[in-house]
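Colleague: I have just opened a new protein model and would like to learn how to read it. Could you walk me through it, feature by feature?

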Amino acid sequence: MIDFHCHLDLYPNPVEAANECVARSIYVLSVTTTPSAWRVSQRLLERSGRIRVALGLHPQIAHERRGEIDLFQELIGDARYVGEIGLDGGPEYRAHWKVQNEIFLKALEAASKAGGRILSIHSRHAATAVIDVLSQNRDAGLPVLHWFSGTPNELNLAIDMGCWFSVGPTMLNSERGQSLVAQMPRERILTETDGPFTKNQGMPLFPWDAQRAVKTLASLWQTHEREVEGQLMENLREIVALGTQHLD
Ligand code: MN
């Protein structure tokens, strides 16, 4: 099982959650929201080769943590994965749009300088802007658009520029989400949960809840869960291989 975008460091007991992931042999990309969280999360949570911690600066707090972009630039040499970065065009974050753009661009430039990275990207209410910035910074690496919620046209633009997608149970609960996922190339999809931010009946989702996404994918693709799991593992191997190569 694969959770390519969650926040292990934000569960009440991160180590316990990570240990459970190890016990269940789940592949996890644990993204961070601030560069200052990265080193300690990496030490604490990379408890097996299946867990990786990504270096991030979340767009929803970019205005509060803009000073940490220097640390981001310092750390990127040691980070194989970047996330969560991106833009959020929701009304609550619009006021900080300019800062968000500055931080997103600086993070991408740092990734370019470092030779390219796998990038887990937030694009809520900002798909067109995110795609524009990414298309002007192709050397930054391979973008994985997490919980994509743009229009079908924006999705086509993202597909055309080579983006990958991580999709979770919450996205797949809606018809709109399902119809977007049905349009995505199967060989560029990974599962995610975005836990603990996502909830089911008031309880935060854990990485093992990615299985719910597998279930929905099986019904969308009209195949068996095993087939979906095989495809997803193939995709994971592919993206890991791409990440270990020089990405430009
Ligand atoms: Mn997230």
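Modeller: Gladly; we will go from the whole chain to one helix, then to the metal site and a few backbone details. This is a predicted model, in which local features need pLDDT of at least 70 and side-chain atom pairs count only at pLDDT 80 or more, while totals for chains, interfaces and linings use all residues. Residues are numbered from 1 along each chain as its sequence is written, and side-chain values use heavy atoms, with hydrogens and water left out.

Colleague: Let's start broadly. How many helices and strands does the protein chain have?

Modeller: Helices (H or I, at least four residues) and strands (E, at least two) are DSSP runs, numbered from the N terminus. Here the protein chain has 11 helices and 10 strands. Its radius of gyration is 17 Å, close to the 18 Å that the globule rule gives for 248 residues, so the chain is as compact as a globular protein of that length. That radius is taken over C-alpha atoms, and the globule rule is 2.2 Å times the number of residues to the power 0.38. Along the principal axes, the C-alpha atoms fill a box of roughly 45 × 40 × 40 Å.

Colleague: And what share of the residues in the protein chain is buried?

Modeller: Buried means under 20% relative accessible area, exposed over 50%, and partly exposed in between (1.4 Å probe, protein chains only). By that rule, 54% of the 248 residues are buried. Contacts add another view; a contact means heavy atoms within 4.5 Å. Among contacts between residues at least 6 apart in sequence, 68% join residues at least 24 apart.

Colleague: How should I read a single helix?

Modeller: The general idea is that an α-helix has 3.6 residues a turn, so residues three or four places apart point the same way. Take helix H5 (residues 97-113): it has 17 residues and reaches 24 Å from its first C-alpha to its last, close to the 24 Å expected at 1.5 Å a residue. The expected span is 1.5 Å times one less than the number of residues.

Colleague: Which residues are buried in H5?

Modeller: They are Val99, Gln100, Ile103, Phe104, Ala107, Leu108, Ala110 and Ala111. These residues cover an arc of only 160 degrees around the axis, which puts them on the same side of H5; the arc is that of the directions from the helix axis to the C-beta atoms. Lys98 and Lys113, on the other side of H5, are exposed. The cover over the buried residues includes helix H3 (62-65), helix H4 (69-75), E4, strand E5 (117-122) and helix H6 (127-135).

Colleague: What does Ile76 touch?

Modeller: Leaving aside residues up to four places away in sequence, Ile76 touches Leu55, Val82, Ala110, Ala111, Ala114 and Arg117. Two of these, Ala110 and Ala111, are among the buried residues of H5. Ile76 is found in the loop between H4 and E4, and is buried, with a relative accessible area of 4%.

Colleague: Now the metal. What are the protein donors of the manganese ion?

Modeller: Donors are N, O and S atoms within 2.8 Å of the metal (3.2 Å for Na, K and Ca); water is not among the atoms, so sites may look incomplete. In this model the protein donors are His5 (NE2), His7 (NE2), Glu84 (OE) and Asp194 (OD), lying 2.2 to 2.3 Å from the manganese ion. Their spacing along the chain is H-x1-H-x76-E-x109-D. Glu84 lies in strand E4 (residues 81-86) and Asp194 in the loop between strand E8 (189-191) and strand E9 (199-200), so the pair ties together parts that are 110 residues apart in sequence.

Colleague: Are Glu84 and Asp194 buried or exposed?

Modeller: Glu84 counts as buried at 1% relative accessibility, and Asp194 counts as buried at 7%.

Colleague: Which backbone details should I look at?

Modeller: Start with the peptide bonds: the one from Gly83 to Glu84 is cis, with omega near 10 degrees. Another cis bond joins Gly195 and Pro196, where omega is about 0 degrees. Then look at phi. His125, though not a glycine, has a positive phi of about 50 degrees; this residue lies in the loop between E5 and H6 and is exposed, with a relative accessible area of 53%. Gln201, also a residue other than glycine, has a positive phi near 50 degrees and is exposed at 76% relative accessible area.
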